[in-house]
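The following account leads the reader through one protein structure, from the whole chain to a single residue. Please keep the structure in view while reading.

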Amino acid sequence: MSILTANTHIVYREVLLRDPQNQLSGGGSCLFWSRSPGFGVDGRGGEWRKTKKRDLRVEAFWADMTRPNVIEMQPIKDCDQLDQILAQAQELHQPIIIDWMAAWCRKCIYLKPKLEKLATEYDTKIKFYSVDVNNVSQALVKRGNITKMPTIQLWKDGEMKAEVIGGHKAWIVIDEVREMIQKFV
């Protein structure tokens, strides 16, 4: 029996770590796991050698298809909608993340998909929202006390608790947002 996979880390994590006696050989980005009558081939460490036959059990596993890869942030259009969202979050004792952005802002555009991907990590714990400051009233922008974009705020118990101003690389902003979330969740 043979297995060919594109992600060696998954096979290593799921199969090899369970039973370190399994013999794997491969190269590049594919991993070939073989069991032949009498012997197998082991290519770890750059040396190929014959191994004795072992009883191997192969389990097929797939990525969790029930969990989305991206959760689209819900837009906030006015102060009344923000009040409703904050009241609902307060009832559930759940913080929310609001991404204050503009459609013309290049850094905002690059950051939004990364925040939507981050939303999948905290799917049941935090809701993610976005506000396009050009499409809402200035009263809403003032309520968020927004001076720079993108600004990512964490709101809990009806008030803003922390914020990250994302004027630098998106991966750094995401790490800062993750740290901010971990303080309040």
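**From the chain to its cores**

Of the 185 residues in the protein chain, 36% are buried. The model is a predicted one, and its protein chain holds 5 helices and 10 strands. Among contacts in the protein chain with a separation of 6 or more, 61% join residues 24 or more positions apart. The accessible surface of the chain amounts to about 11,900 Å², and carbon and sulfur atoms contribute 52% of that surface.

A useful element to examine next is the open sheet of 5 strands, whose order is β6-β8-β7-β9-β10 and whose pairing is mixed. Its edges are formed by β6 (74–75) and β10 (159–165), each of which pairs on one side only. In general, the strands of a sheet pair through backbone hydrogen bonds, either parallel or antiparallel. Here, strand β9 (residues 151–156) pairs with β10 in the antiparallel sense, over 6 bridges. Within β10, M160 is the bridge partner of W155.

A helix accompanies this sheet. Helix α2 (residues 79–92) lies across β6, β7 (96–101), β8 and β9, and the helix runs at about 155 degrees to β7.

Attention may now turn to the nonpolar residues. In soluble globular proteins, nonpolar side chains tend to be buried together. The largest nonpolar core in this model has 20 residues, of which I76, I96, I98, W100, V131 and L140 touch the most other members. Two or more residues of this core come from each of α2, β7, β8 and α4 (138–143). Another core, of 19 residues, lies apart from it and includes L111, L115, V164 and V177.

What does I76 touch, when residues up to four places away in sequence are not counted? Its partners are Q81, L82, I85, I98, Y129, S130, V131, V136 and L140.

One of these partners, S130, deserves a closer look. S130 belongs to strand β8 (residues 127–132). Is S130 buried or exposed? Its relative accessible area is 6%, and because a residue counts as buried under 20%, S130 is buried. Leaving aside neighbours within four places in sequence, S130 is in contact with M73, Q74, P75, I76, D99 and K112. The contact between I76 and S130 thus appears from both sides of the description, and it joins a residue of the largest nonpolar core to a buried residue of β8.

Technical notes: Residues numbered from 1 in each chain as written. Predicted model: local features only at pLDDT ≥ 70, side-chain atom pairs only at ≥ 80, totals over all residues. Heavy atoms only, no water. Helix = DSSP H or I, 4+ residues; strand = E, 2+ residues; numbered from the N terminus. Buried < 20%, exposed > 50% of the residue type's maximum accessible area, 1.4 Å probe, protein only. Contact = heavy atoms within 4.5 Å. Areas by Shrake-Rupley, 256 points an atom, 1.4 Å probe, with all protein chains shown as cover. Pairing = 2+ DSSP bridges. Axes fitted to C-alpha atoms, helices over the stretch in contact; angles between N-to-C directions. Core = buried A, V, L, I, M, F, W, Y, C linked by side-chain atoms within 4.5 Å.
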